[in-house]
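Biologist: I am new to this structure and would like a close look at one part of the picture, namely the charged side chains that pair with one another. Could you take me through some of these pairs slowly, and say where each partner sits?

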2 protein chains.
Amino acid sequence: MNDFTFLLPTKFVFGRGVTDRVGAELAAAGYRHALVIYGQGSVIRTGTLDRVLATLDAEGIEHTELGGVRPNPEVGLVREGVALARECGADLVLAVGGGSVIDTAKAVAVGVPYEGDVWDLFAKRAKIVAEGKLPVTCVLTIPAAGSESSASCVISNDELKLKRGLSSELHRPVVAFMDPELAFTLPAYQIAAGVTDMIAHIMERYFSSVGPVPVTDNIACGIIHALVEEAPRALADPRDYDAQANIMWASTLAHNDIAGVGRNAVAGGRAGGWECHGLEHELSAHHTGITHGAGLAVVFPAWMRYVWRSAPERFLSFGRSVFGIEPVDAEADGVDVTPEEAVADAVTATIDELQAFFVSMGMPRTLGELGVTADDIPALLETLEQNKGAVFGDLQPLTMDDARAIYESCL
Amino acid sequence: MNDFTFLLPTKFVFGRGVTDRVGAELAAAGYRHALVIYGQGSVIRTGTLDRVLATLDAEGIEHTELGGVRPNPEVGLVREGVALARECGADLVLAVGGGSVIDTAKAVAVGVPYEGDVWDLFAKRAKIVAEGKLPVTCVLTIPAAGSESSASCVISNDELKLKRGLSSELHRPVVAFMDPELAFTLPAYQIAAGVTDMIAHIMERYFSSVGPVPVTDNIACGIIHALVEEAPRALADPRDYDAQANIMWASTLAHNDIAGVGRNAVAGGRAGGWECHGLEHELSAHHTGITHGAGLAVVFPAWMRYVWRSAPERFLSFGRSVFGIEPVDAEADGVDVTPEEAVADAVTATIDELQAFFVSMGMPRTLGELGVTADDIPALLETLEQNKGAVFGDLQPLTMDDARAIYESCL
């Protein structure tokens, strides 16, 4: 168990109807003018935006709106948000949406006090400063990215064909309003992609190079186990409150580090090498129609098959905890396999079961289903190397040749 | 899954040698004068107190010391602390110790701005106020009570023979320094009592009247499962860093509500009826030599045997998740038991296994081992009723007759 610092300053207001309590909470905290950011109109159609704005009006909190955030949010809108926040004198950025909207809000919030172009922060040419940074709050409408309490923020730059993450403890929202009933109207594909994203967030941490950390590992596998049970319920009946509530809370836990504590290879660092997020980010940076979770559903099993031999015990633990899969005992079970074959069979069965679960939710199995072909791979590798370097990863360092092999294995 | 608000503002600085970083962290946060509270001398003997004070000196943070906190801390020392904090102008209360020391620090911190006697707050004759309350920080030396990030504070009043809890979100420490190496010198009994206390904190929440909350329930059982594996390692070799680190982190998670989220019967309320803590508090209030965890080791299994029939499915889930115990299937297993008998057998096996685990760590099985006899029960019931009312509990409301029966069942 490695040394760590853990601080989760976000206040979670969770449950039925919390959407109607936004204004009262924010007024009590003293906020006066919110820059309200949202996506491509679903929060207008469902009435969620109006509900939120009404609570602001009721408390006399001024608001300025900026809509149009797309999946894989782009820096252009962030720049607009920064200008607008300065112009209207916002003292808070309020995201009404999912991870893309919240990430846009986070980027705007850190962009406000920075005098240059906000992309400089993502290009690591300048550092986030605390002074003048706006606080962020959110009404979560899509459980998936965990952005409602994470230190993460990922923004794309279409011009440069780049998708860049910028992590900072300063990003964590001050309040997250989580109303599971808002998930009742989500399309099945979005529920499925969200659940896949959560599971991926946990697995990136679980499959770090650090040995067992039983408390953290059991939490990690316990959340995944719950998701494997709850997701089919939410897909069968999107109005199943308990299923949606468990999924929504899992989205938070999957990415606020509680499922990774002590699994960081470097003291004080982040748990996991985030190999699959690195591989996936290129997919959705180049093909902006790809939903992040759907890309992960393809890439993660492929990565697991490619690297498991560097830590077989870890993959066995995962299979045991999440799916109850044990390697056969040749002697006791009277079968003719070597111990090595038994391990390989158990790991393969684990990855097969995980992938079958993703597919059962409607997620793709291949890059082909996402419209990505062999011809696209060189371009993916080019920006992958720009973003991650020539060698990246933690459990098993990956070269660009490794990355090519992984992409090719799931065409 | 019930509605909840969750806020965990404590910053955890966890790992090897964090004891030597106390002053630097506190100076960076701007603190200038710490009232340092400790117990009955073990932190002097181990050198921990001197290490902490040296880090304060190095940063020019003034400090005033108050030692002598005993297990089941008493309001007398709290009063001394309040007077001392006012006199020296402390802007922070720094606890160096376990739950008793941290609870004393919390009580002092809320006592400072209150003009009357601090016991009024515990007697619920006056309310905690935020203004003027001192922040609390701690260097945790005994993983057990979870006070390092909990909203709990329990203080005894010898004169009144009362032990009273006073919960408040304001109690949560601002920073918790958690150095697992400090646990290397703990007596085995204290390690065992600490682990029992953690498991009890989780079980109080798990056995609330709310139905399954899979994400939370899996986290709860996952932490207990890890403790059942790590505790024997720490007892066999107290210098097993990973075992001690997992136990120390579990102490925090067991009582910061992450293992109870959504299990609260009342929206926004606390998860669980805390029946066993209620029953145990009387034991250690009347017999101050009883270690809280040891009292819980006796009371919890007795309570489980008394009430399980009001929620058999809950007890089966617990046995399944923590110990892998399944009721026999009469038909499939070819045995002659009714389904009801199979459930009773599985629940009994679960409680037996839990109790055997406590006993294997050196915890008592009976009240007799703690020096409590049948003659003591009337006095226990008298203050129990004062503290909890004539009927208390959540999973199954308990009358004083029920409480008597539970005490008698474990004499």
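Modeller: What follows is a walk through a few salt bridges, with a short stop at a glycine at the end. Please keep in mind throughout that this is a predicted model. Side chains of opposite charge can pair when their charged atoms come close. Over all chains, the count comes to 32 salt bridges.

Let us begin with Asp20(A) and Arg51(A), whose side chains meet in a salt bridge at 2.9 Å, N to O. This pair links distant parts of the chain, since Asp20(A) belongs to the loop between strand 1 (4-14) and helix 1 (22-28) of chain A, while Arg51(A) belongs to helix 3 (residues 48-58) of chain A, and the two are 31 residues apart. Asp20(A) has a relative accessible area of 43% and is partly exposed, and Arg51(A), at 32% relative accessibility, is partly exposed as well.

A second salt bridge in chain A is the one that Asp120(A) forms with Arg125(A), where the closest N and O atoms are 3.1 Å apart. Here Asp120(A) counts as buried because its relative accessibility is 15%, under the 20% limit, whereas Arg125(A) is exposed because its relative accessible area of 59% is over 50%.

Turning to chain B, Arg233(B) forms a salt bridge with Glu230(B), and the closest N and O atoms are 2.8 Å apart. Both residues lie in helix 8 (residues 214-236) of chain B, where they are three residues apart, about one turn of the helix. Arg233(B) is partly exposed, with a relative accessible area of 42%, but Glu230(B) is buried, at 3% relative accessibility. Back in chain A, salt bridges that share partners join Glu169(A), Arg172(A), Arg205(A) and Asp257(A) into one network.

For a view of an uncharged position, consider Gly39(B), which is found in the loop between strand 2 (33-38) and helix 2 (42-45) of chain B. Gly39(B) is buried, with a relative accessible area of 11%. Leaving aside its neighbours within four places in sequence, Gly39(B) is in contact with Gly67(B), Gly68(B), Val69(B), Val96(B) and Val101(B). Gln355(B), by comparison, is 316 residues from Gly39(B) in sequence and 30 Å from it in space, C-alpha to C-alpha.

Key:
Residues numbered from 1 in each chain as written. Chains lettered and ligands numbered in written order. Predicted model: local features only at pLDDT ≥ 70, side-chain atom pairs only at ≥ 80, totals over all residues. Heavy atoms only, no water. Salt bridge = Lys/Arg side-chain N within 4 Å of Asp/Glu carboxyl O. Helix = DSSP H or I, 4+ residues; strand = E, 2+ residues; numbered from the N terminus. Buried < 20%, exposed > 50% of the residue type's maximum accessible area, 1.4 Å probe, protein only. Contact = heavy atoms within 4.5 Å.
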